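Thanks for sharing this one. Here are a few friendly notes on how some of the helices pack, set out as numbered points.

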Amino acid sequence: MRYADGGGMTARERARREALRMRAAELFAAGSTAPEVAELLRVTPKSAYQWRRAWSAGGTAALVSRGPGGQRCKLRPALCEKLAAMLEQGPAAHGWDQDQVWTGARVATLIGRTFHISYSVSGATRLMRRLGFTPQIPAHRAAERDEVAVAAWKENTWPEVKGRGRPSGAGCASRTRPAGTCGRPGDGPGAGAAAPRW
């Protein structure tokens with residue numbers, strides 16, 4: 001049996017689950033029904049029925065764990081080591097000299113160019129993490145950007161453009177009451193009249 005993405009289980013939990021399946025196989029061989037197995041082993045009836053179908057089709061071997069699920073790495077261990085060495089050299093050594101960051105897209109491209117193996121961006125990102133690297137997002141800035149002018153604008157012009165915030169306590173979020181009348185009894189439309197009951 002294989003559970004998607006390892007079923008979210010650790011190796012110890014997978015071993016415990018496999019022991020349950022082996023016990024279920026013994027019970028099925030002894031003539032127990034799926035509901036009886038579910039009650040005895042304290043598992044859901046759905047699991048017991050799935051195990052019963054697998055056991056009927058392939059015997060006890062069909063209930064043996066095949067390890068965690070998920071797609072296997074496309075790169076052999078030797079190629080993973082070579083990729084790690086290439087990532088250590090930095091992006092500039094491989095043609096990305098605009099900034100010194102490895103992104104998932106760049107690593108996928110590098111794998112395709114070097115090893116002729118197709119990787120998705122998310123797959124390349126997971127592989128990077130497994131190799132001990134973290135993907136980054138490059139900062140896109142115009143080549144003509146003048147940092148001194150930007151700093152001066154932030155310091156001098158931005159406070160004028162931003163203006164002052166709303167005074168505290170003014171207005172409310174209600175669309176049906178005029179500004180300044182929220183939360184004060186007797187204000188607003190119908191003040192002084194008894195609230196209708198419907």
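1. At what angle do helix 4 and helix 5 pack, and how far apart are their axes? Please keep in mind that this is a predicted model. Helix 4 covers residues 77-89 and helix 5 covers residues 104-115; the angle between them is about 125 degrees, and their axes lie 12 Å apart.

2. Angles from 65 to 115 degrees count as roughly perpendicular and those over 145 as roughly antiparallel, with the remaining range above 35 degrees called oblique. Helix 4 and helix 5 are therefore oblique to each other. Their crossing is right-handed.

3. Which residues make this contact? Helix 4 contributes Leu-79, Lys-82, Leu-83, Met-86 and Leu-87, while helix 5 contributes Val-107, Leu-110, Ile-111, Thr-114 and Phe-115. Sorted by class, the contact of helix 4 with helix 5 has 8 nonpolar residues, 1 polar and 1 charged.

4. Now to the other pair. Helix 1 (residues 11-29) and helix 2 (residues 34-41) cross at roughly 140 degrees, and their axes come within 10 Å. Helix 1 and helix 2 are therefore oblique to each other as well, and this crossing is right-handed.

5. Where do helix 1 and helix 2 meet? On helix 1 the residues are Leu-20, Arg-23, Ala-24, Leu-27 and Phe-28, and on helix 2 they are Ala-34, Val-37, Leu-40 and Leu-41. By class, the contact of helix 1 with helix 2 has 8 nonpolar residues and 1 charged residue, with no polar ones.

Terms used:
Residues numbered from 1 in each chain as written. Predicted model: local features only at pLDDT ≥ 70, side-chain atom pairs only at ≥ 80, totals over all residues. Heavy atoms only, no water. Axes fitted to C-alpha atoms, helices over the stretch in contact; angles between N-to-C directions. Helix = DSSP H or I, 4+ residues; strand = E, 2+ residues; numbered from the N terminus. Left-handed = near helix turned anticlockwise from the far one by under 90°. Contact = heavy atoms within 4.5 Å. Nonpolar A, V, L, I, M, F, W, Y, C, P; charged D, E, K, R; others polar.
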